[in-house]
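Work through these exercises with the structure open beside you. Try each task before you read its solution.

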Amino acid sequence: MPPSVPSTPSFDLLPGAAASPLILHVPHSARAIPPEVRADIVLGDAELARELDHITDAHTAGIAAGAAAAARVTPWRFVNRMSRLVVDPERFPDEREEMLAVGMGAVYTRTTHKDVLRPDGFDPGPLVERYFRPYARGMSEAVADRLAATGRAVIIDVHSYPTAPLPYELHGAGPRPPVCLGTDAFHTPPELLAAAREAFAECGETGLDSPFAGTYVPLEFYEADARVSALMVEIRRDVYMSEPGGPAHDGLTRLAAALARLVDAVG
């Protein structure tokens, strides 16, 4: 029997201004795991809570919300309601995904510390069908809607990363600036990158594609439609919160203001 599609979407599309091309994409801020998905995770409750502290981009939905409230023209927001331990919507769902090497494809089988998360031989197919594909369709539809309404779409991916590298990171030996800007050769125009550097200048040094590189574009548009531009904003967690998994501090307000400046500059 094919897996059922959730009656309630695993994401929220929060409307912005009709004239805004901006979509703030927040894929990794949530900690929610449905009971039927939890049942296949081998970690105990305390171990799982600790893993969620490490893997969740805590408070990034709050940063995006603050930016949307402060921007002159309200951007749209596409926010994942589920933990990335359910599915990671930003991974390739096939062999193109380099993170498969550490058990972190679209469906994770290993933890941030390379421990077992799901048993060997786990079939990711049902989770991909139930959560990954509806999410991808929803994001594609959101981008298509902005293209139809404004003639362009600008995706700003809002992420965070720990101050010290975690064992799963494939490129953790490089610089870890307060703000890392992830780019794509096709979808990140120079003017978008320049606007981001200026917007975040007050938050400390901005780096490029280290420790995380690239940005998210739905596969329907990836390397096919130059009207879709994209940038990943990776924020080092000590800049705005207590690590791991602790409360936010006043740095969150500064970052939300910086993100609002970026929205205003490109929207």
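**A helix across the sheet**

Helix α3 (residues 60-70) lies across β2 (22-26), β3 (76-80), β4 (153-161) and β7 (228-236). The helix runs at about 160° to β2. Keep in mind that this is a predicted model.

**Exercise 1. Lay out the sheet.**

Task: give the strand order of the open sheet of seven strands, and find its edge strands.

Solution:
1. Read the order across the sheet: β1-β3-β2-β4-β7-β5-β6. The pairing is mixed.
2. Look at the ends. β1 (11-14) and β6 (206-208) are the edge strands, and each pairs on one side only.
3. Check the turn between neighbours. Neighbouring strands are turned by 20° against each other on average, direction ignored.
4. Go to one edge. Strand β5 (residues 179-182) pairs with β6 in the parallel sense, over three bridges. Valine 179 has threonine 206 of β6 as its bridge partner.

**Exercise 2. Study β4.**

Task: name the pairing sense of β4 with β2 and with β7, then decide how enclosed β4 is.

Solution:
1. Start with β2. It pairs with β4 in the parallel sense over four bridges. Leucine 24 stands opposite isoleucine 156 in β4.
2. Turn to β7. β4 and β7 also pair in the parallel sense, over nine bridges. Here aspartate 157 stands opposite methionine 232 in β7.
3. Sort the side chains. In a regular strand they alternate between the two faces of the sheet.
4. Apply that to β4. Ala153, Ile155, Asp157, His159 and Tyr161 point one way. Val154, Ile156, Val158 and Ser160 point the other way.
5. Conclude. Nine of the nine residues of β4 are buried, so the strand is largely enclosed by the rest of the structure.

**Exercise 3. Place threonine 215.**

Task: is threonine 215 buried or exposed, and which residues does it touch?

Solution:
1. Locate threonine 215 in the loop between β6 and β7.
2. Compare its relative accessible area, 15%, with the cut-off: buried means under 20%. Threonine 215 is therefore buried.
3. List its contacts beyond four places in sequence: Asp157, Gly182, Thr183, Asp184, Thr188, Ala230, Leu231 and Met232.
4. Add the distances. A polar atom of the threonine 215 side chain lies 3.3 Å from the backbone nitrogen of leucine 231. For the backbone nitrogen of methionine 232, the distance to a polar atom of that side chain is 3.2 Å.

Conventions: Residues numbered from 1 in each chain as written. Predicted model: local features only at pLDDT ≥ 70, side-chain atom pairs only at ≥ 80, totals over all residues. Heavy atoms only, no water. Pairing = 2+ DSSP bridges. Helix = DSSP H or I, 4+ residues; strand = E, 2+ residues; numbered from the N terminus. Axes fitted to C-alpha atoms, helices over the stretch in contact; angles between N-to-C directions. Contact = heavy atoms within 4.5 Å. Buried < 20%, exposed > 50% of the residue type's maximum accessible area, 1.4 Å probe, protein only. Polar contact = N/O pair within 3.5 Å; in protein donor to acceptor, adjacent residues only side chain to side chain.
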